[in-house]
Amino acid sequence: GGALPVPEGDKIIEPANKYIEKFVEKELPIFATRDWHTENHISFKKNGGLWPEHCIQNTEGAQFPSELKLPPETFIINKGDRPEIDAYSGFQGTLLNDLLKERGIKRIFIGGLATDYCVLHTVLGGLNLGYTVFLLLDAIKGITPQSEQNAIQKMLKKGAIGITLKD
């Protein structure tokens, strides 16, 4: 739902929660990125961008779904929070890389929305920064099936490792 919905995006919540459970059991850190736009963000159509207004700071539209069971110690990474910079990657203009390096993390597991934009760019950013990146194939959803498949193929070709809960 919302101003910029990903069709059937809610279907990834259950598998995402299962991945979260596995990380919590092993006492591994969880990082959750989210768009956190200002009302005058450059990506909005009214400002010459591509998108309707979405994920505006401190609004319901910028919150994680209540069904997503993020533990209290989750690192929340806000991205796209500067009005003049459009940021799809969780690494762009954030402290994510620094926080991962501080903790000696070398492998990252990425799921979320939308496969063909934010997931794609975060995976590519992680690969470019030297991380081993696992793409959670059962915890991603794209805008359209075709653009999602194209993005998945690009990520795998660049070196991401596609996995599912069965793996």
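**Exercise 1. What does the accessible surface of the protein come to, and what percentage of it belongs to carbon and sulfur atoms?**

Solution. The model is a predicted one, in which local features need pLDDT of at least 70 and side-chain atom pairs count only at pLDDT 80 or more, while totals for chains, interfaces and linings use all residues. Residues are numbered from 1 along each chain as its sequence is written, and side-chain values use heavy atoms, with hydrogens and water left out.

Step 1. The accessible surface is about 9600 Å²; areas come from the Shrake-Rupley method with a 1.4 Å probe, and for residues only the protein chains shown count as cover.

Step 2. Carbon and sulfur atoms hold 52% of this surface.

**Exercise 2. Describe the overall build of the protein.**

Solution. Step 1. The protein contains four helices and five strands, which are DSSP runs numbered from the N terminus (helices: H or I, at least four residues; strands: E, at least two). Read from the N terminus, the order of elements is α-β-β-α-β-α-β-α-β.

Step 2. The radius of gyration, taken over C-alpha atoms, is 15 Å, close to the 15 Å that the globule rule gives for 167 residues, so the protein is as compact as a globular protein of that length. The rule is 2.2 Å times the number of residues to the power 0.38.

Step 3. Along the principal axes, the C-alpha trace spans about 45 × 35 × 30 Å.

Step 4. Of the 167 residues, 41% count as buried, a class defined as under 20% relative accessible area, with exposed over 50% and partly exposed in between (1.4 Å probe, protein chains only).

**Exercise 3. Work out the order and pairing of the strands in the open sheet.**

Solution. Step 1. Strands β3 (residues 107-113) and β4 (residues 132-141) are parallel and share six bridges; two strands pair if DSSP finds at least two bridges between them. Within this pair, I110 has L135 of β4 as its bridge partner.

Step 2. Strand β5 (residues 161-163) pairs with β4 over three bridges, also in the parallel sense. Here F134 stands opposite I161 of β5.

Step 3. The resulting open sheet has three strands in the order β3-β4-β5. Its edge strands are β3 and β5, each of which pairs on one side only.

Step 4. The twist averages 30° from one strand to the next; axes are lines fitted to C-alpha atoms, for helices over the stretch in contact, and angles run from 0 to 180 degrees between N-to-C directions.

Step 5. Helix α3 packs on the sheet, touching β3 and β4, and its direction makes about 170° with that of β3. Contact means heavy atoms within 4.5 Å. Helix α4 also packs on the sheet, where it touches β4 and β5, and its direction makes about 165° with that of β4.

**Exercise 4. Where is C55 placed, and which residues does C55 touch?**

Solution. Step 1. C55 lies in the loop between β1 (31-35) and β2 (75-79). Its relative accessible area is 22%, and C55 is therefore partly exposed.

Step 2. Not counting residues up to four places away in sequence, C55 touches D35, W36, H37, G61 and A62.

Step 3. W36 is 19 residues from C55 along the chain, and the C-alpha atoms of the two are separated by 5.6 Å.
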